Amino acid sequence: MANFSDFNLGIYLSGLSGVKPPFPVTYEGMAAAAAEKLDPVLLDYVAGGAGDEYTQNGNSEAFRRWGIYPRMLAGAAERDLTIELFGRTYPTPLFMAPIGVVGIMHESQHGDIEVARAAAASGVPAVISTLMQDPMEDVAAELGDTPGFYQLYTPNDRELAESFVRRAEAAGYAGIVVTLDTWSLGWRPRDLQHAAMPQLQGKCLANYFSDPVFRSRLEKSPEEDPGTATIAWALTFGSPALSWDDLPWLRGLTDLPLLLKGICHPDDVRRAKDGGVDGIYCSNHGGRQAASAPAIDFLPGVVAAADEMPVLFDSGVRSGVDVVKALALGATAVGIGRPYGWGITVGGAAGAHHMLQCLLAEADLTMGLNGYRTIAELTTESLVRTP
């Protein structure tokens with residue numbers, strides 16, 4: 001059985017012919033390369049976080065408080081990183097978390113398409129944002145055999161929300177991920193300093209502008225009057241904060257697996273289970289929405305409350321080692337955001353695929369060299385707290 005770490009060996013073998021990797025092999029290297037290409041305003045939008053960015057930075061730094069116990073003579077020359085999720089087998093525990101402006105992070109202005117192509121090439125599923133530069137149907141068509149999930153920013157127009165979900169079902173998405181923490185924008189000083197927001201410039205609104213319900217609310221089409229359509233979006237996007245009373249409605253929208261994104265407290269996990277959701281997505285939005293503790297600190301409590309229910313996790317994952325630690329703390333699948341987003345900027349689908357290969361190779365090597373053959377062997381007892 002091939003290991004993902006074969007990618008590591010392949011780089012060295014290519015070097016014998018003088019061929020070096022086409023893209024950086026670290027998060028820091030990819031981020032620096034992307035910074036050279038992106039417009040400074042967009043760069044700040046993607047790189048920035050809420051408030052003093054303590055939560056955003058803490059998300060990543062918190063992983064360093066965990067170390068991995070090495071176990072020797074474990075016969076871990078071959079590893080199995082497959083996972084089961086909602087009745088499907090996935091070759092890796094990774095998924096690409098939603099990035100609402102990835103569509104404009106690539107020079108083609110079709111970054112969502114590039115993400116789907118990276119998913120198709122790698123087998124790593126993508127959670128595709130409501131805020132796309134291309135309609136969800138066009139993006140789904142590029143996913144190949146790799147499932148995609150549709151992330152719903154619930155608008156304040158319930159008929160429009162239902163339309164989005166129906167379109168996602170028809171396009172073949174494998175599940176609906178409802179983001180709960182973005183009914184209002186967080187305090188983002190970098191964006192405020194620029195007085196800029198991509199969506200208010202009419203960007204990444206293809207799902208709205210192509211939707212029959214949204215279009216029916218307009219006197220003129222978005223093609224005829226994009227400015228008015230953009231203002232209509234702004235008035236629609238801001239949803240009154242959802243409450244537990246709304247969960248039966250959300251659950252009733254679809255028979256697809258329904259996940260709630262932003263659940264971090266065990267009591268909320270239990271209420272979500274009682275409401276019939278299929279999975280929990282533990283995340284603090286990468287520290288972009290509100291100040292909180294580092295997201296990884298929430299994960300053990302969420303997993304314990306979820307019991308057998310799948311738990312997806314993101315926020316602060318920057319390396320393959322981080323992936324292994326999140327799995328050991330109980331995550332069913334681990335999401336990455338900025339790492340693949342920078343890859344999209346630097347090299348489109350190929351850049352994102354390269355970043356995924358780097359993360360998987362490092363995770364695979366980390367497991368093997370520490371003596372863990374399967375994800376099932378990773379538990380909290382595989383970790384040690386470090387100073």
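Me: Into how many nonpolar, polar and charged residues does the lining of the second largest pocket divide?
Reply: In this predicted model, the lining of the second largest pocket divides into 12 nonpolar, 6 polar and 2 charged residues. The pocket itself holds about 360 Å³ of space. Its lining comprises 20 residues, and Leu180, Asp181, Ala241, Leu242 and Ser243 are the closest to its centre.

Me: How is empty space found, and what volume has the largest pocket?
Reply: A probe the size of a water molecule is rolled over the atoms, and this shows where empty space is left. Here the largest pocket has a volume of about 500 Å³. Its lining counts 23 residues, with Val25, Thr26, Tyr27, Ser319 and Glu362 nearest the centre. Two or more lining residues come from each of α1 (6-15), α2 (27-37), α15 (320-328) and α16 (338-369). Of the elements, α16 gives the most, with 6 residues. By class, the lining has 11 nonpolar, 6 polar and 6 charged residues.

Me: At what angle do α2 and α16 pack?
Reply: An angle between helix axes from 65 to 115 degrees counts as roughly perpendicular. The axes of α2 and α16 lie 8 Å apart, at an angle of about 85 degrees, and the two helices are therefore roughly perpendicular to each other. Among the residues in contact are Tyr27, Met30 and Lys37 of α2, and Arg338, Trp342 and His354 of α16. The contact has 9 nonpolar, 4 polar and 2 charged residues.

Me: How many cavities of 30 Å³ or more does the structure hold?
Reply: A cavity is a space where the probe fits but cannot get out. The structure holds 3 cavities of 30 Å³ or more. The largest has a volume of about 480 Å³ and is lined by 31 residues, with Pro98, Ile99, Gly100, His285 and Arg288 nearest its centre. Its lining has 14 nonpolar, 11 polar and 6 charged residues. The second largest cavity holds about 60 Å³. Residues lining this second cavity include Ile83, Tyr90, Phe149 and Leu312, and the lining divides into 10 nonpolar, 1 polar and no charged residues.

Me: Why is the pair of phenylalanine 63 and phenylalanine 313 edge-to-face?
Reply: Planes over 60 degrees apart count as edge-to-face. The count comes to 10 aromatic pairs. In one of these, the rings of phenylalanine 63 and phenylalanine 313 have planes at 70 degrees and centres 6.4 Å apart, so the pair is edge-to-face. Phenylalanine 63 lies in the loop between α4 (54-61) and β1 (66-68), and phenylalanine 313 in strand β10 (residues 311-313), so the pair ties together parts 250 residues apart in sequence.

Technical notes. Residues numbered from 1 in each chain as written. Predicted model: local features only at pLDDT ≥ 70, side-chain atom pairs only at ≥ 80, totals over all residues. Heavy atoms only, no water. 1 Å grid on protein atoms, 1.4 Å probe; cavity = no way out; pocket = protein on both sides within 12 Å on 5 of 7 lines; lining within 4 Å. Points joined across faces, edges and corners; volume = space filled by probe spheres on them. Helix = DSSP H or I, 4+ residues; strand = E, 2+ residues; numbered from the N terminus. Nonpolar A, V, L, I, M, F, W, Y, C, P; charged D, E, K, R; others polar. Axes fitted to C-alpha atoms, helices over the stretch in contact; angles between N-to-C directions. Parallel < 35°, antiparallel > 145°, perpendicular 65-115°, else oblique. Contact = heavy atoms within 4.5 Å. Phe/Tyr/Trp six-rings, centres within 6.5 Å; stacked < 30°, edge-to-face > 60°.
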